[in-house]
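Welcome! Here is a short tour for someone meeting this structure for the first time. Take a look at the sequence and the model, and then we can walk through them together.

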Amino acid sequence: MSNLFPTYAKFPIEIVEGKGTVVKDANGKEYLDFTSGIAVCNLGHCNEAVLTAVQHQLTQIWHTSNLFESSIQEQVADKLTAGSKRAVFFCNSGAEANEAALKLAKKHTGCDEIITFQQSFHGRTIATMTATGQGKIHDGFGTLLPGFTYLPYNDLEALEQTISEQTAAVMLEVIQGEGGVIPATTEFLQGASALCAKYGALLIIDEVQTGMGRTGKRFAFEHAGIEPDIFTLAKGLGNGLPVGAMIGKAELAESFGPGVHGSTFGGNKIAMAAADVVIDHIFKEAFLAEVTEKGAYFQALLAEQLPGVVIRGKGLMFGIELETEAVEVVKSLQEAGVLTLTAGPNVLRILPPLTVTKTELEQVAEKLAVVLKKQEMGMKI
Ligand SMILES: *Cc1c(COP(=O)(O)O)cnc(C)c1O
């Protein structure tokens, strides 16, 4: 019997080794990991440059309190905010980054009302769970945080009718990840940004999954040419080391003074050493252009092998609409040596490392075509 709380329905596979896109389970079976551990290991497993930086930091010092200066935090913050006047708060996860964003919005505006969207996902703490627009995630937890309204995603009219001077923030994902890989339209993003400016509400963009190069830009909001007041990062920021960040416009800094918010482990030196290298690799035009190019290549391969397939996403973040239960396709692909994810009951979610090779994309497109064709013909997959 397991002594773990059964909060995750686990697959009976233990991954014990990884290098780049390839991982190996405890029985020695190899898989192409097209999950990156849910958009975490964007530079592949056991990336050499990250490993070297972390190993070096481990020999220097592991932890100092945030009551002391940290030049590595300053350096990572400087790189994350390059080209804009922004401030960074470091924490350890996506939920914590969003929690910090919500606290900052409430503190800065003095307002309580927060608008989020149906099918969104923002985390599992009480505040971020409340922000998450999914009834199944709220079920059984009694009274949630007051002040939240959930609007239909991509519905600018609904937002226009709801937003007011009492709105502290509008919080959204540029592509809803857990909710089914559903992209926001450019019109919706630009409209939401304009409405926030008009009513003095803060626009918070949750880039926990879409950030760090995943969509072919540093941050997915850059596709729409908008400037959120606050955005949040986590998953891909440390390539597997736990780190999150809340990044806000510089004028918000005065609302987050000493004693207002904090985290013991936030911005710890080991995680910072990893993030520093991750940013250097990902925030390069040539690297980001390759992500876009490889994403388009994979989409074209799938369109060729699976005519009529409905595939959504940007860069190397994909959702494939399925006729049947996505988890069955995930299991068949595992047998075929490919790891994938679901996003809701009928969407297969694919998040390869951004360092994936074209050969690996071809191998997976082929295996995916075999599994999905079998499924289409009503065969057991
Ligand atoms: C994963 C995720 C979170 C939560 O991150 P944790 O590190 O699990 O707390 C929040 N928002 C989005 C969009 C995510 O994908």
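Which residue takes a positive phi in the hairpin of β2 and β3? That residue is G28, with a phi near 90 degrees, and the hairpin has four residues between its strands. Please keep in mind that this is a predicted model. The points below go through the strands, the ligand, a loop residue and the cysteines.

**Strands β2, β3 and β15**

- Strand β2 covers residues 22–25 and strand β3 covers residues 30–33; the two run antiparallel and are joined by three bridges.
- To find this pairing in the model, look for V22, which stands opposite L32 in β3.
- β3 also pairs with strand β15 (residues 338–339), this time in the parallel sense and over two bridges.
- In that parallel pairing, D33 stands opposite L339 of β15.

**A four-stranded open sheet**

- Further along the chain, four strands form an open sheet with antiparallel pairing, and their order is β13-β14-β17-β16.
- The edges of this sheet are β13 (311–314) and β16 (341–342), each of which pairs on one side only.
- Four bridges link β13 to strand β14 (residues 317–321), and this pair is antiparallel.
- A handy landmark here is I311, which stands opposite I320 in β14.

**Around the ligand**

- The ligand is surrounded by S93, G94, A95, N98, F121, H122, E173, D206, V208, Q209 and K235.
- By type, this shell is made up of three nonpolar, five polar and three charged residues.
- Helix α4 (residues 94–109) gives the most to the shell, with three residues.
- G94 takes part through its backbone: one of its N or O atoms lies 2.8 Å from an oxygen atom of the ligand.
- D206 uses its side chain, where a polar atom lies 2.7 Å from a nitrogen atom of the ligand.
- K235 also uses its side chain, with an N or O atom 2.6 Å from an oxygen atom of the ligand.
- On its own the ligand would expose 390 Å², and the protein buries 81% of that area.

**A buried loop residue, N42**

- N42 sits in the loop between two helices, α1 (36–39) and α2 (48–60).
- Although N42 belongs to a loop, it counts as buried because its relative accessibility is 1%, below the 20% cut-off.
- The side chain of N42 makes a polar contact of 2.7 Å with the side chain of R214.

**Cysteines without disulfides**

- A disulfide is a covalent bond between the sulfur atoms of two cysteines.
- How many disulfides does the model have? The count is zero, with a pair of cysteine sulfur atoms needing to be within 2.5 Å.
- C41 is in no disulfide, and the nearest cysteine sulfur, which belongs to C46, is 8.1 Å away.
- C41 is buried, since its relative accessibility is 11%, which is under 20%.
- C91 is in no disulfide either; for this residue the nearest cysteine sulfur is that of C41, 18 Å away.
- C91 is buried too, because its relative accessible area is 1%.

Terms used: Residues numbered from 1 in each chain as written. Predicted model: local features only at pLDDT ≥ 70, side-chain atom pairs only at ≥ 80, totals over all residues. Heavy atoms only, no water. Buried < 20%, exposed > 50% of the residue type's maximum accessible area, 1.4 Å probe, protein only. Near = heavy atom within 4 Å. Polar contact = N/O pair within 3.5 Å; in protein donor to acceptor, adjacent residues only side chain to side chain. Areas by Shrake-Rupley, 256 points an atom, 1.4 Å probe, with all protein chains shown as cover. Nonpolar A, V, L, I, M, F, W, Y, C, P; charged D, E, K, R; others polar. Pairing = 2+ DSSP bridges.
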